[in-house]
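I opened the file today to look up how the helices pack and what sits between them. My entries follow in the order of looking.

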Amino acid sequence: EEAVTAEDFMKQAAARADGGDYVGAIQSYDAVVLLNPENARAYGNRGFMKLNLGDRTAALADFRIAAELFLAQGRMANYEMVLDYIEKMQWMVMGNG
């Protein structure tokens, strides 16, 4: 069935990611953030897909947006988790990882 809501696209993205279709998953997450720009989880998950494809810079950008949204929404556990990923990735990007 056709994905129409942000939640439909989240499910579609997860299914695509599970099947190893990271590009397809990114397209689904793109649809989620178009429908719901405040969906921090979509940005975080899309960041992981970009990381899986080797695009660390784009992944970091998505993780930063996710962190800002989680913070603004008071979802501190998620915020701390994403911050942790960002710190680890900054080390990798600088060639220390």
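Before starting I noted the cut-off for direction: an angle under 35 degrees counts as roughly parallel, and one over 145 as roughly antiparallel. I also noted that this is a predicted model.

Entry 1, helix 1 and helix 3. I looked up the angle for this pair and found about 20°, with the axes 12 Å apart. Helix 1 and helix 3 are therefore roughly parallel to each other. I recorded their crossing as left-handed. From helix 1, the residues in the contact are Glu7, Met10 and Ala17, and from helix 3 they are Arg41, Ala42, Asn45 and Met49. By type I have four nonpolar residues, one polar and two charged in this contact.

Entry 2, helix 3 and helix 4. Here I read an angle of about 165° and a distance of 8 Å between the axes. The two helices are therefore roughly antiparallel to each other. The crossing of helix 3 and helix 4 is left-handed. On the helix 3 side I listed Ala40, Arg41, Tyr43, Gly44, Arg46, Gly47, Phe48, Lys50 and Leu51. Facing them in helix 4 are Arg56, Ala58, Ala59, Asp62, Phe63, Ile65, Ala66, Leu69 and Phe70. I noted 11 nonpolar, two polar and five charged residues in the contact of helix 3 with helix 4.

Entry 3, Lys50. I had met this residue in the list for helix 3 and asked whether Lys50 is buried or exposed. Its relative accessible area is 16%, so I entered Lys50 as buried. Leaving out residues up to four places away in sequence, I found Lys50 touching Ile26, Asp55, Ala58, Ala59 and Asp62. Of these partners, Ala58, Ala59 and Asp62 also appear in my list for helix 4.

Entry 4, the core. How many residues does the largest nonpolar core have? I found 27, and Tyr29 and Val82 are those with the most contacts inside it. Helix 1 (6–18), helix 2 (22–35), helix 3 (40–52), helix 4 (56–72) and helix 5 (76–93) each supply at least two residues of this core. Helix 4 gives the most, with seven residues.

Entry 5, Val82. I checked what Val82 is in contact with, setting aside its neighbours within four places in sequence, and wrote down Phe63, Ala66, Ala67 and Phe70. Phe63, Ala66 and Phe70 were already in my notes as helix 4 residues that meet helix 3.

Terms used: Residues numbered from 1 in each chain as written. Predicted model: local features only at pLDDT ≥ 70, side-chain atom pairs only at ≥ 80, totals over all residues. Heavy atoms only, no water. Core = buried A, V, L, I, M, F, W, Y, C linked by side-chain atoms within 4.5 Å. Buried < 20%, exposed > 50% of the residue type's maximum accessible area, 1.4 Å probe, protein only. Contact = heavy atoms within 4.5 Å. Axes fitted to C-alpha atoms, helices over the stretch in contact; angles between N-to-C directions. Parallel < 35°, antiparallel > 145°, perpendicular 65-115°, else oblique. Left-handed = near helix turned anticlockwise from the far one by under 90°. Nonpolar A, V, L, I, M, F, W, Y, C, P; charged D, E, K, R; others polar.
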